[in-house]
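Colleague: Got a minute to walk me through this complex? I'd like to get my bearings before I head back to the bench.

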Amino acid sequence: MSKKYDTIVIGGGHNGLTAATVLAKKGQKVVLLERRSVLGGIGAGEEFHPGHWSAGLLHETGSIRQHAINELDLKKHGLVTTGERASVAMLGKKGKCITLYNDESRTVESIRKYSEKDAEAYKAYRSFINKITPLIRDIMDQAPPDLVKMGNKDLWQLVKKGLGLKKLGKATMMEFLKVAPMSVQDFLDERFETEFLKAGMAGPAIYGSFTSPRSAYTTLNLLIWECLSTEEIVGGPQNLIASLQKAAEQAGVEIKLNNSVKRILLDQDRKVKGVQLGNGEEIESNVVASSCSPSETFFNLIEPNQIEYSLEHGIEHFRSRGTTAKLMLALDKPFTLDEFENELQFLRTGNSWLEMEKAYDPVKYRNFSNEPILDIYLGGKAPEGHGSLSILVHYAPYELEGGWTDQAKKQLEENVIETLVQYSSIKGSIIGSELLTPVDLAERYNLPFGHIFHGEHAVDQMLTRPIPSCMQYKTPINGLYLCGSGSHPGGGITCMPGYLGAKAILKN
Amino acid sequence: MPIKTPFFPRTSELCDSMQWKEWAGYYAASSYGIPHDAEYFAFRNAAGLLDVTPLFKYKVTGPDAAKYLSRIMVRNIEKLKVGRVTYCCWCTEDGKVVDDGTVMRRDENEFFVTSADPCFSWFSRFLRGYKVELEDISEKVAGLALQGPTSRDILKQICDAPMDELAFFGLTKAKAEGFEMYISRTGYTGDLGFELWVENEHALKLWDSLMSAGKNYDIRPAGIAALDMVRVEAGLILKDVDYYNALHCLIEDRMSSPYEISLGWTVNLDRDPFNGQTALKAEKERGSSWCIVGLDINWPEIEKLYNKHGLPPEIGSSAWRDSIPIYTDSSKETQIGYATSGTWSPILKKNIALATIEKKYEKYGSNVQIEMTVEHKRHTVSAEICKPQFFNPERKTSTPNNQKS
Amino acid sequence: MSQKYDAIIIGGGHNGLICAAYLAKVGRKVLVLEKRHVLGGAAVSEELHPGFTFSVASYVVSLFRPHIIRELNLAKHGYEVIPMDCSFLPLPNGDSLARWADPSRSRREIARFSKKDSEVYPEFSKVMTHMGKLAKTVIDYPAPDISSLHPKELKALFRLGKTFKDLGPDLLHLNTKLITMSALDFLDLWFESEVLKAPMSVSGIIGTFQGVRSPGTAYVLLHHYMGQLDGAFRSWGFSKGGTGGISMACANAAKSFGAEIRTEASVDQVLVKNGTAQGVILENGDELTAKTVISNLDPNRTYLKMVGENHLEDDVLKEINRYKLRGSSGKVNLALDRVPEFSCRPGVGEHLKGDVAIAPSIDYLEKAFDQAKYGEFSTRPYINAVIPSLTDPSVAPPGKHILSCFVQYAPYHIKEGAENWPKHRDAFGDTVVDTMAEYIPGLKDMILYKQVLTPWDLEQQMGLTEGNIFQGELTLEQLLFQRPLAGYAKYKTSINKLWMCGSGTHPGGGIMGAGGELCAKSMLESRAV
């Protein structure tokens, strides 16, 4: 055995880096093990065509939590934020476009071109979001309540906290309780009339879950996204990773790349005693923090007979059916739209409920969409005068009927481009591409069934994420902690699972 | 609707009483004649032949078979030798008993497991990571229990296996005329006896050869009613009577640990992880709350109670399976447990019972009060706490060629 | 001012009749007004063809609250439910699955498809019993009002919270799963075989505009386990003489306590003066006054038709307009000249005496739903069929039988517009008969009479807005303290002295009787009547 660490962090994605740095800053001796040759996990930029870079698998950085940035001094380490929410364009076919700006009045003007009613409705919508934001952030910024140890007193506290809901004012509280379980389609239909606006707005409600806009509880996902979404990071996830890396190094985290973990080693009493690397080397520590998915952690890194069945059953049924593919396109000119404003970085398609629903149907039958829903980022690095498009494609199943053959991949890529063409004329300008199906994502990023959030954001997989016995980041295995997207508050680039996971380690 | 076992063509012909019960979805003869005393005495004096096909049967094969079973069972199956059988139970991860049964090692990498409840789903849950194959052979294999002092001699007539050498809890493969079978020296009677396992197609051949060879040894088909009496005498517990499958219990109070149902002796704690290990270690350290004891119910007091009403003692000839309260004294102020099954033992001339009581009252030789209803009135009579094994003849475990277990 | 009636109840459905019975029992003067010539609302029996008594709409009973039967002595008044013994699933490949009351028999049947599943059943039942216990504490009482800061409500909330907490984290989590997951995902926690999951999952979608993969459909699975908790051996059953038998028992009980019941008395509107209900105006122009008015109609009809927009405050009007009732099911009732036999399991066995599900696979069910999403009825529908005449000979002439088919999906809002349903009625009926005929050879030649009810017909005939059989969708935002409207979820409405007692109130749809009972009890407790 080599030298002993206070904590071994597995996985060098944004959560792993955050966890390692938080611990190291508190004086812990920490080693971080990354399987790949680059840090960043899903946030790592990848050159997919000479000179053309993706910003990482996910491209939104607006949900990263402020106190994590502050505590890690990321700004000192080169992190620059835009100071405002990113502008997102909702695209309709035939050149229609509404942009949601940080500046509400500009947004309202953008909407007004299509609908007076919607412009007014948007103001009310934002005001509702602003009212519930403190509540949602409060929940997402803290470790979930400990259900296992909860006594009557804690319950009373919780009821009173629930009554914190009442601080919202009765009307807002009742409205929140009314709409949270609703389908995003019903929710937005109650407010807006412009089809492509509603379709675009609904995007975040369905990302990473096996649902369509007409599925119950999708409104809750939209509200969470709206409440968490703040200023973006300049340069996207790649720059976040760069500053996290600097912060980690500064704090004394020992970073080992190209080091896959084969096993988490346990002693006789099933307590963590270290890890064994792919090369056979063993590293000693009584604490391991895994930012890998729960299924990777418990099923691949732990010996099969070391976990109880209830844990195994729980993790096995932590739903993580990948429904998202990623397409990178290299263009020989910058991407343009008719109504395009050059500050734009994010675009969403959808166009109508009907088309979104039709995009969803095939995935239920193990097929991908003919006309998928696209979530597009324009900020990937590209040579001067060129463009890089980073496209999250909904829906594409992990288990495709007939398998992910080259033929199938080609077909999906074609479907995406044909869809895109209905919004913009890019066809002639594509000079390179890379398609990552859920199977490819699973392989490259070690995502369970290619699921971009390690597990679906469904109501029963929030708070108690991934399962009750692990929801406090510690697990039934003494010394093993979870600090990845499979823990509260879940996937997306928030750094919070890493941050809260580290806090849980420090507390114990 | 129950279905028929492969022995049904014979058992139905012989079952003059038409007394049938449902056992795990099969028709099972409750008793062949009325009353069933003759069947009881067949078990104790000659040989009783009981259809045990309704037991669930599993085959576990593969290089990790022993390791895998050790993970499931409270016993360390890796230590079980080929040709040996062990009796044990299996637990949830909370250390509560799911079921009990026998595990037989047919070969280095081949095991045969019997259970009272269907356990395929439960066993399957622990397959991950082991190189084993689990097969449910319940409906492929028929079973007969041949139990009683003459059972060995009968078997000698029909097969080639060295029966005089087969030790208690031993297992052997045997050839008979036209078929093969496994013989294990096991049973549920607490007497000399064997259990015979054949493929369904040979079931009737086995039955017929036993019945014909057994003629001179007073063989007799026996039903569950007689079995119930002998198993209480032997102190063998019964699932759904003396304890419940933890997976089916709505409340924790209904679940039992092995220690609480007198199966603590089957638990091997210090070894690789197995289901319930942590909980059982903790219980062992802390001490259990409950235990199973035998009760020897005071006969003179029973006589006296009946006498008061001008009656002779009317104790039924069948075993019973009701829950009957046990108290510290006749004031009935402190209930310390409940009897779960009992019987009049014709051979011991005793009224006996198995009871679950609070562990702190487990003192052999001390007296408790058990409720007894006479002429529609509830009374109590005293009973002496004893080891839950009332009858244990030397022949049960001895082997002529002296290879003791 | 002296009134002839303490309460006028609009609508003689089972809830209205139960409400009447409870009020009359303690001496209140009650009048029930039913639009149709026959009582029962959706729980109605009608002889549509000579000798054949159809349970026209609602056709099986499971959740009827047993304490109502005891308290109103309904057995004396003719309540009789005969339990069903089997759930039968014919499969297109010639196989079939029957699930029986006998656990070993069910286990063997299921084991043909999955041995594991066959054994998991008892564990599943155990957990569901826990969940059902919890649900019982919810459905047997009015829902605590979360919007109120009243200490009494807070305590009720705390008590409810404690009940949940005492489940422990795992069951609590499971409860969250049950409420929010799709029926299919929930069943996936236990079972692997589609042949089992498909027919089990459909109980989650009956009457909803959801598919078996739609989140929020799992909790209806509980209904199967509630019966047990009520002390019954089996949970589903046929009402003697059709489901109208239950309504008649309720009516007889109400009458025995002195309630007055009028049929063919259609109410045109509630008489509202100064925000207070004073009585009703019948369609024939008669005005009847009462101290209180109780509506057994759905919330939409009650507020918008009976009361009228001009009597509603803006926020109430806004909320009632948000109330969703998208009906999704239809009914095809057939009179047959012999027993319909299934080719996959021929003969007139016990398997025909329960319910028969046409739900051969998950994809089949989901595809049926997909069509409904786009405004078409399913051309390959999910069908829940029963042959009540095999259990209750009183509903058909000797040797003749009734095949009653509940069909999903038949969306109220078809592409062509709901009012065009009559043009599609025959095609819808044919689809159902064709589908059944695939499993029952010669079915078409057995038909003596056919009744096809589209959601449009349910609305026109029974007054169910948008043909919703539960008087409103059973989604979480329309349940508990929000059924039908937040702030008016305790049977009171925004109109003074106007109350509601139908399925559109807590705890919701199905023949439970709880709405009628809890409304009456709430009124009595608050001395409203």
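**Chain by chain**

Modeller: Sure, starting with chain B: 47% of its 405 residues count as buried. Keep in mind that this is a predicted model.

Colleague: What confidence does the predictor give the complex, as ipTM and pTM?

Modeller: The ipTM is 0.94 and the pTM is 0.94. For chain C, the average pLDDT is 93, and 97% of the residues score at least 70.

Colleague: Back to chain B, then. How many helices and strands does it have?

Modeller: Chain B has nine helices and 19 strands. Its C-alpha atoms fill a box of roughly 60 × 50 × 45 Å along the principal axes.

Colleague: And what is its radius of gyration, set against a compact globule?

Modeller: Chain B has 21 Å, which agrees with the value near 22 Å that a compact globule of 405 residues would have. As for its contacts with a separation of 6 or more, 67% are between residues 24 or more positions apart.

Colleague: Can you zoom in on a helix? Which residues of helix 6 of chain B are buried?

Modeller: Those are B:A203, B:L206, B:W207, B:S209, B:L210 and B:G214. The helix covers residues 203-214, and its end C-alpha atoms are 16 Å apart; that agrees with the expected span, because 12 residues at 1.5 Å a residue should give 16 Å.

Colleague: I was also looking at B:K304. Where does it lie?

Modeller: B:K304 lies in helix 9 of chain B, residues 299-308. It counts as partly exposed because it has 14 C-beta neighbours inside 10 Å, whereas a buried residue needs 20 or more.

Colleague: How far apart are B:K304 and B:R10?

Modeller: They are 45 Å apart in space, C-alpha to C-alpha, and 294 residues apart in sequence.

Colleague: Switching to chain C. What's the overall picture there?

Modeller: Chain C has 17 helices and 18 strands. Its radius of gyration is 22 Å, close to the 24 Å from the globule rule for 529 residues, so chain C is as compact as a globular protein of that length. The C-alpha atoms fill a box of roughly 70 × 55 × 45 Å along the principal axes.

Colleague: How much of chain C is buried?

Modeller: 58% of its 529 residues. Looking at contacts in chain C between residues at least 6 apart in sequence, 73% join residues at least 24 apart.

Colleague: Strand 12 of chain C caught my eye. Is it mostly covered or mostly open?

Modeller: Mostly covered: seven of the nine residues in strand 12 (residues 287-295) are buried.

Colleague: So what does it pair with?

Modeller: Strand 1 (residues 5-10) of chain C runs parallel to strand 12, with five bridges joining them; C:I9 is partnered with C:I294 there. Strand 18 (residues 498-500) also pairs with strand 12 in the parallel sense, over three bridges, with C:S295 partnered with C:M500.

Colleague: And how does strand 11 of chain C run against strand 12, parallel or antiparallel?

Modeller: Antiparallel, with three bridges joining strand 11 (residues 276-282) to strand 12. C:I281 has C:E287 as its bridge partner. The two strands form a hairpin with four residues between them, and C:G285 in the turn has a positive phi of about 95 degrees.

Colleague: Last one: how many residues does each side bring to the contact between chain A and chain B?

Modeller: Seven residues come from chain A and seven residues from chain B. On the chain A side, they divide into two nonpolar, three polar and two charged.

Technical notes: Residues numbered from 1 in each chain as written. Chains lettered and ligands numbered in written order. Predicted model: local features only at pLDDT ≥ 70, side-chain atom pairs only at ≥ 80, totals over all residues. pLDDT = per-residue confidence, 0-100. Contact = placed C-beta atoms within 7 Å. Nonpolar A, V, L, I, M, F, W, Y, C, P; charged D, E, K, R; others polar. Expected span 1.5 Å × (residues − 1). Buried ≥ 20, exposed ≤ 12 C-beta atoms within 10 Å, placed from the backbone. Rg over C-alpha atoms; globule rule 2.2 N^0.38 Å. Pairing = 2+ DSSP bridges.
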